[in-house]
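Please look over the structure shown here before reading the notes, which are arranged by topic for someone who works with coordinates.

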Amino acid sequence: MSVVIVGTLDTKGEEIGFARDIIQAQGIDVHLVDVGVMGDPEIEPDTTADEVAQAGGSSLAALREDEDRGVAIEVMGDGAAAIATRFHEAGTLDGILGLGGSGNTSIATSAMRALPVGVPKLMVSTMASGDTEPYVGATDIAMLYSVADIEGLNQLSRTVIANAALAMVGMVANDPGVELSEKPTIGITMFGVTTPCVQTAREVLEDSGYETIVFHATGTGGRAMENLIREGVIDGVLDVTTTEWADELVGGVLSAGPDRLDAAAETGIPQVVAPGALDMVNFGPRESVPEKFENRTFHVHNPQVTLMRTTPEENTELGRIIAEKLNAATGPTALALPLGGVSMLDEPGGDFHDPEADQALFDAFRAHLDDGVELIESDAAINDAAFARRIVETLEAYMDGEGDS
C-alpha cells in the first residue's frame, strides 16, 4: 500500500514530515510530491518540484523567474494531476493526502480531482470551512478543516494532522467489502420536484436487473454524472432532470456548465432525456436574487433556496440548446416531453403552471430536433407513473439493442 502526499515542502516540510512518519509507522509506504516553488525543500521529496513543474508544462526555474503565484499554482496543479494519474495507472497510488493553505489546497485537489471516484482522497486545509466547491468539484474529496493555520507543530496541529494521517491509513489499509455489481448501470438525474418520476423509474429498472445511480441535479451532480459516463461507470442514462441548463442559461446558482449533456452524446451510450424542472432557475435566499429579476414569479422552496419561473423566451432558447446537444449524439437517443407539466410546480394549480412557457419549450424542441433523435410526446405530467414507465421502456429497448439514433 502506498499513500502519496502532495505538499509545499519549502514551507510545510515539518508538518508533512509529521504526517509521513505517522503513516509509515502503520506499515504504509509514503511518496512525497513536492509542489513548493520559491524555496528549497525542508525534507527530501520523492518527486521533486522541478519534476512536477515539467509535468505541468514548465520548469521550476521558469516559475521562479516569472514570480507569478497564479501561474505557478496552475502549472503545479496540472503537474501534480499528471503525476498522480501516472502513479494510479501504475498501481503505486492507493490514496492521496494533502496539507496546506489556499495555494496547496488548489494544487493538491487538482491532483485528487484527476483520480477516479473511490480512490481515497483527503485534504487538510485552512479553506475547508468555507466554500469548498472549487476544490472538491464533482469528486469524492474529503476535506478536514485545520482549525489553525498549518504553520508549525503544536498541540492542535499535531492532533489534526495525526487524525488525518490515521484516517488515510484506515482508508487504504482496510477492505470495505463493497461488492462491485456486474449489472448494467443507469445514471438518473433528479430534483425534489421530479422525485416521484425517478422513484418509479428506479424501481422498474432495478426490477429489470439494472443498477441505478441517482444524481441530484445541483450543478455538481450533473458534472459528476458526466465524469462517470466518461470513466465508463455508467452504461445508460435516464436524464429526467435537465434543470441545470436553466441555471446555465439564465444565471442561477446550480449550473453544471456548458458541457452538460455532452458525455452521453460523445460516448454513444443509450440515453433518454426529459425536460425535468426546466420551469425553474435556482437562487439562494430570497434576498440574494439579483434585482433585475424582481418582477418575475418566485417560489420559496426553503429559507436557503428560491426558485424562479423561466419565461417563454428562455424556454425557447433552452429547447434549442438541448435539442442541438441531443442531435450530436452518436448512440441511441430519445427526448420525452411530458406535456402535462415538467415539474411538480408546473402542473395545473402549481405556482409555476404556465402553458405559454411550456408551449414555447415544446415547440422549440420540435423545431430543432433532428430526425435521428426519437421524439416521445405524452399527455402525462413528468411525475405521472405512466410517463416514468414509458421512458424506462424506451431506455430498456435501447439497452437491448432495439433502438438506434
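The notes below go through two sheets, the helices that pack on them, and a few individual residues.

The model is predicted, and every value quoted should be read with that in mind. One open sheet has five strands in the order 2-1-3-4-5 with parallel pairing, and an open sheet of six strands, also with parallel pairing, has the order 7-6-8-9-13-14.

**The five-stranded sheet**

- In the sheet with the order 2-1-3-4-5, the edges are taken by strand 2 (29–34) and strand 5 (142–145), each of which has a single partner strand, so one side of each is left without a neighbour in the sheet.
- From one strand of this sheet to the next, the twist averages 20°.
- Strand 1 runs parallel to strand 2 and is joined to it by six bridges, with Ser-2 standing opposite Asp-29 in strand 2.
- Strand 1 is mostly covered, since six of its six residues are buried, a term that stands for under 20% relative accessible area.
- Ser-2, Val-4 and Val-6 point one way from strand 1, while Val-3, Ile-5 and Gly-7 point the other way, and all of these residues are buried.
- Strand 3 (residues 95–100) pairs with strand 4 (residues 121–125) in the parallel sense over five bridges, and Leu-99 has Val-124 of strand 4 as its bridge partner.

**Helices on the five-stranded sheet**

- Helix 1 (residues 13–25) lies across strand 1 (2–7), strand 2 and strand 3, and it runs at about 175° to strand 1.
- Helix 7 (residues 155–173) also packs on the sheet, where it touches strand 1, strand 3, strand 4 and strand 5, and its direction makes about 175° with that of strand 4.

**A nonpolar patch**

- Tyr-145, Val-147 and Leu-156 make a nonpolar surface patch of about 250 Å².
- Tyr-145 has its place in strand 5 and, at 35% relative accessibility, counts as partly exposed.

**The six-stranded sheet and helix 9**

- In the sheet with the order 7-6-8-9-13-14, strand 7 and strand 14 (374–378) stand at the edges with a single partner strand each, so that one side of each is left without a neighbour in the sheet.
- Neighbouring strands of this sheet are turned against each other by 20° on average, with direction ignored.
- Strand 6 and strand 8 pair in the parallel sense over three bridges, and Ile-188 stands opposite Leu-238 in strand 8.
- Helix 9 packs on this sheet by touching strand 6, strand 7 and strand 8, and its direction makes about 145° with that of strand 7.
- The buried residues of helix 9 (residues 220–230) include Gly-221, Gly-222, Ala-224 and Met-225, together with Glu-226, Leu-228 and Ile-229.
- These buried residues pack against strand 6 (185–190), strand 7 (211–216) and strand 8 (236–239), as well as against helix 10 (244–250) and helix 11 (262–267).
- Just after helix 9, Gly-232 takes a positive phi of about 85°.

**Glu-347 and its surroundings**

- Glu-347 is placed in the loop between strand 13 (333–338) and helix 13 (355–368), and it counts as partly exposed because its relative accessibility is 24%.
- When residues up to four places away in sequence are not counted, Glu-347 touches Gly-340, His-353, Ala-381 and Asn-383.
- Gln-359 is twelve residues from Glu-347 along the chain, and the C-alpha atoms of the two are separated by 13 Å.

Notes. Residues numbered from 1 in each chain as written. Predicted model: local features only at pLDDT ≥ 70, side-chain atom pairs only at ≥ 80, totals over all residues. Heavy atoms only, no water. Helix = DSSP H or I, 4+ residues; strand = E, 2+ residues; numbered from the N terminus. Buried < 20%, exposed > 50% of the residue type's maximum accessible area, 1.4 Å probe, protein only. Contact = heavy atoms within 4.5 Å. Pairing = 2+ DSSP bridges. Axes fitted to C-alpha atoms, helices over the stretch in contact; angles between N-to-C directions. Patch = residues over 30% accessible without salt bridge, like charges linked within 9 Å, V, L, I, M, F, W, Y side chains within 5 Å. Areas by Shrake-Rupley, 256 points an atom, 1.4 Å probe, with all protein chains shown as cover. Salt bridge = Lys/Arg side-chain N within 4 Å of Asp/Glu carboxyl O.
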